[in-house]
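Student: Could you walk me through this one? I'd like to begin with a helix.

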Amino acid sequence: MNELIAKGLNGPKVGFVSLGCAKALTDSELILTQLSAEGYQTSKTFHGADLVIVNTCGFIDDAVKESLDTIGEALAENGKVIVTGCLGAKAGENGSNLVRQMHPSVLAVTGPQATQEVMDAVHANLPRPHDPFLDLVPNSFGVAGIKLTPRHYAYIKISEGCNHRCTFCIIPSMRGDLVSRSIGDVLKEAQALFEGGVKELLVISQDTSAYGVDVKYRTGFWNGRPIKTRLQELVQALGDLAEPFGAWVRLHYVYPYPSVDEILPLMAEGRILPYLDVPFQHSHTEVLKRMKRPASGEKNLERIQRWRQVCPDIVIRSTFIAGFPGETDAEFEHLLDFMREAKIDRAGCFAYSPVHGAAANDLSGMLPATAREERRARFMAVAEEVSSTKLQQRIGATMQVLVDSAPGMGKKGGIGRTYADAPEIDGLVKLLPPEKISKTLKVGEFTKARVVGTQGHDLVAQPF
Ligand code: SF4
């Protein structure tokens, strides 16, 4: 949950709570940018605000509960609440809007990516302040807008929605089909972010590999030059933009379509980070079929091996589901073997849990909760073995580390990340105090460090 601090003394105050994933965070940033551009202040308490906006998540049942509870709290403490985000698009048992059903007194409910609808609801309930200066400046925060992440890294959303219909997922019903942003706009925002001090750009979407499919890879323009709306061209251009700033570009939610192979040489050349977040979810063809996963071919193991030949440093992160309906012992063992052979560097695993409204709920062969949980634990034991062997192999290596925290004026060590660690989801590097008296660590800057040990999923390193 992110609550924002009060930013001024005058003007109507809006409390804001942002729940959910990085994609929801970018929606929050757009709304906050617009609020601030119009002269609204933000409040860090529900009580001190004139109204509250709650950006919700509706992905899994726990997230639904957290969102509904937060709306309830905001209503109890403030009374004037606007709801936006994925949960806002969800229907309840009787087909009517779930949020309205549970909290009929909310002022307005919108789905995700609805900055204008949210602003309309704000205007209707809390008239916008008139500020002659701000009224002349359409967006006083620049192309990049307000960021909820630390200054040195930022998420950039390249598309919304998804053309797939995975049976365990309700995202397409909340966010709709794939809509790619114009490549010129994405690159403009990226440039503004790098110019504003961002050292790590995290590319996100529901399906990054599909960028441009909806517009048939149409030709857009950037700096007066034609450029195709396609992942390969986008990644190449982002690498070019990042280079003069020495910044990192990291790709998330990449499905293993054949076109991804073309991006590997860019990683090998160091133009973007050799890091791929590929949500495989399972290894067995039959399970993948029941899941209706995109790119569910049996060839994933071979692809990973080829990727490693082209780019030996590549780090692969993935998520998996254990205990999907109908998963046999043999199919689960296949998943464990895949994990051992593919040596996924960073793996997360969920025990399958039914999501209200998902097609998988109608599949036969639901496993008992204890069996699903037991499989998750067995998977994670294998994943941890793989990950800790890989981390051990880094001992003695010199790595570039982006510093996230540096207490004691950078003299007492700190926390950072290497190319192998995406913020919030992967491990960390615990930096020891610099040996050289002249050396200080600075948040948002890179340091070289020698890896001296491991601690769980983290590395311990000596900066120099
Ligand atoms: S690819 Fe599947 S899991 Fe991902 S958003 Fe689309 S439907 Fe959901």
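Tutor: In helix α6, the buried residues (under 20% relative accessible area, 1.4 Å probe, protein chains only) are Ile183, Gly184, Val186, Leu187, Glu189, Ala190, Leu193 and Phe194. Helices here are DSSP runs of H or I with at least four residues, and strands are runs of E with at least two, numbered from the N terminus. This is a predicted model, where local features need pLDDT of at least 70, side-chain atom pairs count only at pLDDT 80 or more, and totals for chains, interfaces and linings use all residues. Residues are numbered from 1 along each chain as its sequence is written, and side-chain values use heavy atoms, with hydrogens and water left out.

Student: What covers the buried residues of α6?

Tutor: The cover, counted by contact (heavy atoms within 4.5 Å), includes strands β7, β10, β11, β12 and β13 together with α7.

Student: And why should α6 span 18 Å?

Tutor: The expected span is 1.5 Å times one less than the number of residues, so the 13 residues of α6 (183–195) should cover 18 Å, and the end C-alpha atoms are indeed 18 Å apart. After α6 comes Gly197, which has a positive phi near 105°.

Student: Switching topic, how do β20 and β21 pair?

Tutor: Strands β20 (446–455) and β21 (458–463) run antiparallel over six bridges, where pairing takes at least two DSSP bridges. Thr454 stands opposite Leu459 in β21, and in the hairpin, with two residues between the strands, Gly456 has a positive phi near 60°.

Student: Which strand does β17 join?

Tutor: β17 (398–405) is joined to β20 by five bridges, again antiparallel, with Met399 opposite Ala449.

Key:
Buried < 20%, exposed > 50% of the residue type's maximum accessible area, 1.4 Å probe, protein only.
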